[in-house]
Amino acid sequence: MTYLKDFLSLIYPEICPICGKSLFKGENTICMRCYSHLPRSRFSDDKENPAARVFWGRVPLSFVFTGFLYNKGNALQQLIHAFKYRGLKNIGSFLGGELGNEINSIPQLSDLEFILPVPLHPKKQKKRGFNQSEIIARGIAEKIPADVNISILKRQSFSSTQTRKSKYERWQNVENIFSVENGSGIEGKHILLVDDVITTGATIEACAQALFGLEGIKISVAAVGYTRG
């Protein structure tokens, strides 16, 4: 199988989605040069990091961090766009794995038991073909001892994209659209909510508000990127 993979890579070389160069053997998803220049946020060492402060006074989250900074035209934006809009799901798994590696070094997240990706409406998921947050969550789960659950948190109604909306419009767009079904299994547990990018935090906040109806639940958040709303 290794020989076949090596042979196919000569004919159909994997391309780095950031710089467009062919990947060498041993490089995973992106080339080592681009990997070394990814805009890491370093938020995992700071409980009061900028992504965490987004939610202050809004929802009592236990810990919030993102792996990278998301800015217009930067390497992370290129990766997220290739993942979501070109269907390169291996990028989502790769980014989830990067988050999982960080989680293993965060003492506040050592008792995580469940990972809940932010759900898409079934109509939107059918159109895209996948839920990007679920793929990221499964990448995380490959690195930490916690289970992904996609049956508890549900999106009740279809909402338009959050892109280009103001902070207030983003909140209106997701207010009361999430519900919890058969959540007794996560009562009293520490769960990790997972999304792709935190901007205003409206989507995460709406999910958390629905989940806080469960007794004794403890909620932390991980996202691939953070950008100022």
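In the predicted model, phenylalanine 114 has isoleucine 191 of strand β6 as its bridge partner. A further contact of this kind is made by proline 117, whose bridge partner in β6 is valine 194. Strand β2, comprising residues 114-117, is joined to β6 by four bridges, and the two strands run parallel.

The side chains of β2 are directed to opposite sides of the strand: Phe114 and Leu116 point one way, Ile115 and Pro117 the other, and all are buried. Strand β2 is also paired with strand β3 (residues 147-148), to which it is joined by two bridges in a parallel arrangement. Within this pairing, isoleucine 115 stands opposite valine 148 of β3.

Strand β6 spans residues 190-198, and nine of its nine residues are buried; the strand is therefore largely enclosed by the rest of the structure. Burial here denotes a relative accessible area under 20%.

In addition to its pairing with β2, β6 is joined to strand β7 (residues 218-226) by eight bridges, and these strands likewise run parallel. In this pairing, valine 197 is positioned opposite glycine 225 of β7. The connection from β6 to β7 passes through helix α9, which covers residues 202-211, and the resulting β-α-β crossover is right-handed. Strand β6 thus has parallel bridges both to β2 and to β7.

Definitions and conventions:
Residues are numbered from 1 along each chain as its sequence is written. This is a predicted model: local features need pLDDT of at least 70, side-chain atom pairs count only at pLDDT 80 or more; totals for chains, interfaces and linings use all residues. Side-chain values use heavy atoms; hydrogens and water are left out. Buried means under 20% relative accessible area, exposed over 50%, partly exposed in between (1.4 Å probe, protein chains only). Two strands pair if DSSP finds at least two bridges between them. A crossover is right-handed if, with the strands pointing away from the viewer, the path from the first strand over the helix to the second runs clockwise.
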